[in-house]
Every structure is written in structure tokens, then in C-alpha cells.
Amino acid sequence: MSTQLSATPNGQGSNDAPRGLTAAEVTARRAAGQGNTLRLATSRTYADIIRSNVLNLINIVLFSIGAVMVAIGRVGDAVTSVGLILFNILIGIVQEIRAKQQLDKIALLTRPRVSVTRDGSEQTIQPEDLVVGDVVLVRPGDQFVVDGALGGGKIEADESLLTGESDPVHKQVGDEILSGSFCISGAGWYETTRVGADSFANKLTANARQFTISFTPLQREVNLLLRLLILLALIIGFLVLLGALLSGVPFVRQVQMAAVIAGLVPNGLFFMVILSYALGAVRIVRQGALVQQTNAVESLANVTVLCTDKTGTLTANRIQFHDAHPVGVEANALKRMLGIFARSAAGANKTAEALIAGLPGEKRAVVDEVPFSSALKWSALAFDLPDMKGVYALGAPENLRDHIELDAAARERIAALTDQGLRVLVFGQNAAVTTLHDDAGEPSLPRLTPLGIISLSDELRPQLKETLEGFLKGGVALKIISGDNPNTVAALAKQAGLTGDFKTVSGGALDAMTGAEFAQIVHETTIFGRITPQQKERIVDALRAQNHYVAMIGDGVNDVLSLKKANLGIAMESGSSATRSVADMILLGDSFGALPAAFSEGQRIVAGMKDIFSLFLVRVGYAALLIIGIAVIGVGFPFIPKQNALLVLFGVGVPTLGLALWAKPSQLPTGGLLRQISHFVLPAMLSIFFVGTLVYVTTFTVTTLRTIEVPVTPEAIAQFEEFTGIFEEMDARTFALEAATLTAQTALTVFTTFAGLALILFVEPPTRWFEGGDVYSGDLRPTLLAGALLIGFCAIVLIEPARAFFEMVALPFIVYAALAGVTLVWMLLLRGAWRGRWLERFLKLEG
């Protein structure tokens with residue numbers, strides 16, 4: 001182990017790593033079971049997906065009812081009751097498996113690569129190729145994927161994923177390295193000691209990229225709705241089935257009632273949410289964004305505040321040396337000292353790389369070092385050489401002001417360079433000191449003599465201006481949070497198209513504020529400069545405490561804490577592995593161009609779900625009221641399972657699929673989705689219940705009174721028993737009541753199907769005439785779909801085998817015409833109720 005290798009790019013580091021293992025040693029150790037062979041789970045397993053889609057409460061109840069139906073010979077009822085559920089389950093499983101496969105591909109793309117020394121040369125390998133005893137090189141932003149002990153260099157590690165503590169942890173030679181942490185600053189190498197199942201690598205994945213449930217507002221409302229409907233179904237089911245038992249209703253009818261009542265819980269909503277997310281993810285992948293959380297697309301549409309880092313996010317992080325302005329030294333001497341300083345540092349960050357590329361110099365031996373970190377915002381080296389002796393420091397003027405005194409001319413130059421949007425650093429020296437740490441090992445910087453002012457330039461990312469304009473027009477507030485000087489950030493923000501007067505604040509000023517003052521400044525300020533990672537996290541916390549939905553865009557390890565705290569974390573593809581691993585969305589090619597498309601997709605999802613919610617809630621609401629109302633009147637039960645399946649298929653099954661596919665982006669509702677759709681849902685639900693009850697009771701009464709002639713003969717009774725599957729002794733009176741019930745159910749099924757198809761026109765108005773319950777759409781596709789479904793339903797009603805399968809009786813033409821007329825009158829009344837806000841006025845809710 002004699003060959004020395006640099007731990008920094010281009011041979012510019014000072015921490016010499018050993019030769020590492022040979023290829024033969026690696027093979028032997030892997031054969032001995034010392035390889036990092038643990039399979040990392042990046043998403044739910046296939047078994048988990050199938051289990052969650054199949055084994056939920058409502059599915060189990062419906063499957064049980066279906067099994068009972070099969071046992072008593074009602075196979076048709078079982079097929080129609082469980083068939084739609086099986087269809088939803090199948091689609092849900094397929095879509096989630098596609099999402100899993102996509103997430104796994106993303107994990108392969110974004111997982112860290114590891115630099116090791118083997119056979120005396122640096123190699124880049126996959127984490128699973130590591131073995132015990134490997135020598136791993138460490139640089140800022142690197143992720144520790146296995147455990148080990150630091151063998152060279154000094155680093156600061158972020159162990160917040162393991163401990164929850166955000167303070168950086170200083171690591172020196174001999175200290176333990178834990179997988180699941182990240183290198184914040186410094187450079188060096190460590191020797192692996194625990195790999196595979198013995199290390200924290202699986203915990204790293206669990207914290208960084210594992211499938212987690214972080215609910216969006218839409219998902220929370222779906223979950224609330226489903227819980228309420230489960231409760232409603234339990235109450236109605238208990239009362240109705242108890243009454244059926246006491247009144248001696250045949251067991252077949254009791255099972256049918258149970259199936260219809262269980263169907264009040266719209267499992268199709270799960271399917272529609274999954275489908276909407278999948279469609280959105282597929283669309284924005286084409287625009288250049290990879291989704292790591294399936295709900296991230298919808299989440300973006302809820303954003304009220306967009307926080308973004310500057311360097312590497314707003315700018316391309318292609319930093320270039322601009323100029324060196326000497327203070328008390330010759331220009332060439334300053335440039336050479338800077339070149340030596342940059343080349344001698346253990347870790348070459350973007351600033352050091354720019355100085356190396358733009359300035360002459362060579363690597364020199366260093367006796368002490370404080371690497372750059374986002375917390376300090378300066379770095380320092382100590383030399384003990386004849387021509388370069390003492391401490392040299394390079395950093396932000398604000399952070400070195402307690403150690404270096406600048407005259408008025410230097411301060412004016414800094415201000416002028418800052419106003420141009422340039423990054424400005426100061427360079428200073430103390431030739432009498434060669435140590436940079438105190439007795440406790442903490443960084444300690446002496447007084448410095450200024451040597452020069454250094455300016456660096458960067459460039460804005462493509463499509464940045466258009467993206468920011470789009471968010472601002474959409475009502476999204478912008479917060480730029482950077483470690484640079486606030487004036488530099490403000491100048492770049494103006495270049496990016498940010499107009500008007502906006503407030504700026506520095507991290508130092510924030511530290512001096514009380515909690516209330518901090519919250520107020522965060523609310524009012526647009527530009528935050530000289531901010532530490534902990535302050536970024538605190539800013540995001542403050543915004544969320546003010547009920548904002550916060551998105552954070554970042555690229556560096558200093559953004560990890562704030563990305564984790566935000567409602568939505570967005571990372572650049574070129575960002576550190578630490579940043580990508582905790583993000584919900586990754587921008588491929590670092591392009592902002594995908595964000596407007598993703599924002600639009602989120603709006604499309606919510607707009608589509610608004611219409612879908614409306615149809616589902618109307619159907620569930622009127623069905624529940626009809627069950628209760630007809631039970632109270634004492635004239636049977638409104639539907640049997642096959643008829644209910646028909647209503648679900650034509651009223652919400654096929655239409656909502658079309659609405660999800662054809663949804664258009666629109667302004668998000670305020671005050672919650674359920675509250676917003678109540679204007680549409682309540683009048684429609686109540687009116688269908690009232691008119692449907694009249695249709696049912698009228699048909700039942702007329703049939704019972706033999707206005708609609710029903711011949712009562714032994715042959716008719718036998719045929720009816722065969723038709724319904726109820727083989728019990730039946731006299732003429734019982735037969736007449738059963739026939740009247742079936743006739744009333746048929747009439748009610750026809751009316752509610754007509755009404756459900758009419759609601760498609762109202763939820764997506766093709767013309768201004770249909771406005772009232774919802775805003776004008778102008779999209780003819782939902783109307784054409786409703787027309788096609790109407791033709792299909794009429795075919796079922798008119799074709800004897802199809803009508804018989806759904807257990808509907810043939811009604812006289814005059815009855816069908818009357819039901820169509822009743823539907824038209826209902827449409828006029830409902831349109832008037834919406835436009836006149838009758839319900840709101842009655843409830844005194846006009847405001």
C-alpha cells in the first residue's frame with residue numbers, strides 16, 4: 001500500500017489514499033460473504049402492491065358477499081357485484097407496478113456511485129460491488145453507503161437521516177463513518193468495516209428513497225371521504241338488514257341488499273386517483289422530470305411558495321474566475337497565491353475548480369486545514385514553507401469581517417462587484433500563525449491582512465425566466481435562499497426577470513431576531529442571503545407554519561435539510577446524490593422547462609378529480625338516501641346488485657375514466673375540494689333522491705293497483721321465481737308485491753341512469769346553457785361519451801337477453817317516454833336550483 005492517490009479531482013487533493021485491495025482480494029472477500037450484497041428496496045414489493053390493492057376492508061366485504069351469492073346460486077349477482085371491483089383492482093395493480101418499475105429505474109439513475117482505490121488506481125463502482133476492507137474516497141456531497149473508519153483527511157458529516165440532529169459532525173482519522181450520512185465538507189478516505197446486512201445501508205435507503213406515504217391535500221380528502229362513507233354504509237347496512245331479518249325478507253334479498261349497501265363505498269375513487277397520478281407522471285417524464293413520489297405531480301399544483309437555492313439551481317453552477325483585485329500586493333503575486341491555495345486544498349469545490357482553471361500555481365504541502373462548509377462560508381490553509389508561510393483564508397466578506405479589516409475603497413469595490421451579480425470573496429493572510437484549530441479541535445481563525453478581492457461569475461439556467469414568470473402569474477410566491485451575498489442574489493434575480501421592489505435579508509440579521517420577528521420577515525422577504533443549511537430548514541418550517549404549501553428546489557448537500565422539510569422536494573439531476581435521494585422529483589438535464597408542465601399536470605389532476613368527485617358523491621348520496629327513504633316508506637329496496645352495477649358502470653365507471661383522460665388544467669379551488677364541489681353535489685343528490693323516490697313509489701303503486709297489467713298465473717309465478725332466484729312459496733299477493741318491486745326498481749334504474757348521463761353534461765358543460773353546477777368547458781368529448789352510453793343503455797333495455805341479465809322487466813313504451821320527460825323536467829329544475837342558488841339561499845349560505 002505505497003502508491004499515493006489523491007482524494008480530489010484532477011490530482012488536486014492532499015489526502016493520500018493507500019493502494020487499496022487487489023482484484024484477487026476483492027474476489028476472495030466477496031466469496032467469503034464480505035460483499036455489500038444486500039438488495040436495497042427502493043419501492044414497495046410486488047407482494048405489497050397486490051396485498052394493498054386486494055386486501056382492504058371493502059374488498060373483503062364484497063368478496064365475502066360475492067362468495068355467499070355464488071353459494072346460493074346467484075352467480076350473475078356475484079359477477080356484477082365483484083366484477084367492477086376486480087377490474088379496478090387489476091388496473092390499480094398494473095398502474096402501481098408500472099410506477100414501481102419507473103421508481104426502481106429512477107433509483108438506479110440517482111443512487112450514489114462510489115470512488116475506491118483498487119490495485120493502486122481510482123475506480124468508480126456501484127455500491128453493491130464494495131467489500132470489507134475497500135478504500136473509499138470521500139468528497140463533499142458524497143453519500144456514505146457502507147460503514148467504515150476514516151483513514152485520512154478531515155470531513156464534516158451530516159448524520160441527520162440517522163439521528164435527526166442537523167448539526168454537522170466533525171470526523172477525524174479513526175472516527176467511525178456510518179452509512180446513511182453524507183459528507184458536507186472536507187475530503188479524505190475511509191476503509192469499509194461493515195457491509196451488506198451488517199451496515200446501515202438498508203436504513204439509508206429507507207430514509208432516502210424508500211416508498212413512503214406522504215399525503216397531498218387531494219389524498220387526504222379522498223381518505224376522509226372514504227372513511228365517512230364506510231361509516232355511512234355500516235349504519236345503513238345495520239339498520240336495513242336488521243329490519244329485513246325482523247320482517248322475514250328472503251335470505252337472497254338480504255344478501256342482495258348487503259351487496260348494494262357495501263357498494264356505497266366508491267372503491268373506484270382509489271383507481272381514479274392512481275390512474276390520474278400515472279397519467280400525469282407519464283406526461284411530465286416526456287417533458288424532462290422524473291417522479292420519485294407518485295403524488296408529486298399533484299403536489300406541485302398545491303404549491304403556494306416556491307423556495308429555491310441560487311448556485312446550481314437558478315444558476316448553472318458553471319462558475320468561472322472573473323478577476324482578482326489586489327490589496328497591498330502585486331496582481332501576479334495575488335493570482336499565484338490563489339492558484340496555490342486552490343490546488344492545495346483537500347477538496348476541490350466549484351469555486352476551487354474555477355480558480356484552478358483560471359490561475360497559475362502548483363500544489364503545496366499543507367500543515368493544517370479548515371475545509372469550506374456552508375456553515376462557515378470560508379476555508380483556510382496553513383503552510384510552513386519558506387516562500388509561503390502562515391495561514392491563508394478565502395471566504396465571504398460578511399463571514400470574515402471579524403478577522404479581516406477592509407478599507408473604504410475595498411468595501412466600495414465589493415459593493416460594485418456585488419451589484420453586477422458577481423460572487424465576491426476576500427483573500428487574507430497571517431504569516432505568523434500556522435495552526436487553524438484550537439485546543440478543542442474547533443476551527444480557529446486569527447486576524448488576517450487582506451491580500452485581494454476575488455470576483456467569480458456564473459450563468460442563469462435556460463428557461464429560468466419563463467418558468468419563474470409562470471409561477472408568479474399562477475400566484476406562487478418566490479423565495480430565493482442562498483449562501484451568497486444578498487445583493488449578489490438580488491442582482492441575479494433581476495437578471496432572471498424578477499421585477500418590482502423586493503426585500504432582502506442576510507443570515508446574520510435573521511439570527512438576531514425573535515421567533516415572531518423571524519416569521520414576519522420570512523413572510524415579507526424574497527431574497528435571503530448568507531443563509532446556512534440550518535437557516536434554510538428554519539425558513540421552510542416558518543412558511544409551513546403559516547399554512548403555506550412549500551416546494552424547495554436544490555442541488556447541493558446544503559439543501560438536504562430544507563428539501564426534507566418542504567412539502568415537495570425537487571432536485572437537479574446534476575446535484576449531489578444526497579439531494580437527489582431525498583427529493584420527490586428530479587429535473588433531468590437540470591432543466592426548469594419541466595416545471596411549468598408539471599404544474600399544469602397537477603392542475604389537470606385536481607380539475608379532473610373535482611369532476612370525478614362530483615359524480616361519485618352524487619351517486620353515493622342519492623343511493624344512500626333512496627335506500628333509507630324507501631325503507632322508511634316500506635315499499636321494498638331501490639336496487640338489486642345487477643341494477644346497481646349498471647348504474648355504477650354508466651353513471652361513474654366509464655364517465656369518470658373519460659373525465660380523467662380529458663381533464664384540463666384550471667385554477668385550483670380554495671377552501672378544500674369537497675367544500676368547493678358541494679354547490680354541484682348537494683342539489684343534484686337531493687333532487688335525484690326526491691324525483692327518484694316519486695318514480696319508484698308511483699311505479700310501485702300503479703303496478704300494485706294493476707294499472708300496469710301483470711298476469712298472476714302459476715306459470716307466471718314459476719317464471720318469476722326462476723327469474724329472481726327466490727324459490728319460496730308465493731301466493732298471488734306476494735307475487736304482485738314482488739313484481740311491483742321489480743317493476744319499480746326497473747323504472748328507478750332507468751331514471752337514475754338518465755340522470756347520471758345528464759350530469760356528465762352539467763359537470764363538463766358543452767354549451768353555456770348547461771352552466772350552473774360547474775363552469776363552462778366547451779369540450780364536446782364528455783357529451784359525445786354520454787350520448788354513446790345512452791345508446792348502449794337503450795340497447796340493454798330493448799334487447800331481451802341483456803335486459804333479463806340485469807333483472808329489469810319490460811316496461812310499456814309510454815313509461816319509458818314518461819321517464820324521459822321526467823328527466824328533462826328534473827334537468828330544468830336542477831339547472832334553476834344551481835343558477836338561483838336555491839339551497840344556499842334556503843340555508844342562508846349565500847356568502
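## Two helices that cross

A helix axis, as used here, is a line fitted to C-alpha atoms over the stretch in contact, and the angle between two axes runs from 0 to 180 degrees between N-to-C directions. Keep that in mind as you look at this predicted model. In general, two packed helices are described by the angle between their axes and the distance between the axes.

So how far apart are the axes of helix 19 and helix 20? Helix 19 (residues 515–524) packs against helix 20 (residues 533–545) with the axes 9 Å apart, at an angle of about 85°. Angles of 65 to 115 degrees count as roughly perpendicular, and that is why helix 19 and helix 20 get this label. If you want to find the meeting point, look for G515, F518 and V522 on the helix 19 side. Their partners in helix 20 are R538, I539, A542 and L543.

## The six-stranded sheet

Now for some strands. Strands of a sheet pair through backbone hydrogen bonds, either parallel or antiparallel. Here, six strands make an open sheet in the order 10-15-14-13-12-11, and the pairing is antiparallel. Strand 10 (320–326) and strand 11 (368–370) sit at the edges; each has a single partner strand, so one side of each has no neighbour in the sheet. Going from one strand to the next, the twist averages 20°.

Strand 14 has a partner on each side. With strand 13 (residues 388–395) it shares five bridges, running antiparallel, and G395 stands opposite V426 of strand 14. With strand 15 (residues 449–457), strand 14 shares seven bridges, again antiparallel; there, F427 faces G452. Helix 15 (residues 408–419) lies across strands 10, 14 and 15, and it runs at about 10° to strand 15.

## A strand tucked away

Is strand 14 enclosed or open to the outside? Eight of the eight residues of strand 14 (residues 423–430) are buried, so the strand is largely enclosed by the rest of the structure. Both of its faces are covered. On one side you'll find R423, L425, F427 and Q429, and on the other V424, V426, G428 and N430, all of them buried.

## The eight-stranded sheet

There's another open sheet to look at, with eight strands in the order 8-21-20-19-9-16-18-17 and mixed pairing. Its edges are strand 8 (289–291) and strand 17 (504–506); each has a single partner strand, so one side of each lacks a neighbour in the sheet. On average, neighbouring strands of this sheet are turned by 20° against each other, ignoring direction.

Zoom in on strand 19 (residues 550–554) and strand 20 (residues 568–572): they run parallel and are joined by four bridges. Within this pair, M552 stands opposite G569. Elsewhere in the sheet, helix 17 (residues 486–495) lies across strand 16 (477–481), strand 17 and strand 18 (527–529), running at about 145° to strand 18.

## Cysteines

How many disulfides does the structure hold? Zero. As for individual cysteines, C307 has 0% relative accessibility and so counts as buried, while C794 is partly exposed, with a relative accessible area of 31%.

## How confident is the model?

The protein chain has a mean pLDDT of 81, and 84% of its residues reach 70 or more. Some stretches score low, though. Over residues 1–14 pLDDT stays under 50, and the model has 52 contacts beyond four places in sequence for them. Residues 203–212 also stay under 50, with 25 such contacts.

Notes: Residues are numbered from 1 along each chain as its sequence is written. This is a predicted model: local features need pLDDT of at least 70, side-chain atom pairs count only at pLDDT 80 or more; totals for chains, interfaces and linings use all residues. Side-chain values use heavy atoms; hydrogens and water are left out. Two strands pair if DSSP finds at least two bridges between them. Helices (H or I, at least four residues) and strands (E, at least two) are DSSP runs, numbered from the N terminus. Contact means heavy atoms within 4.5 Å. A disulfide is a pair of cysteine sulfur atoms within 2.5 Å. Buried means under 20% relative accessible area, exposed over 50%, partly exposed in between (1.4 Å probe, protein chains only). pLDDT is the predictor's confidence in each residue, from 0 to 100. Angles under 35 degrees count as roughly parallel, over 145 as roughly antiparallel, 65 to 115 as roughly perpendicular and the rest as oblique.
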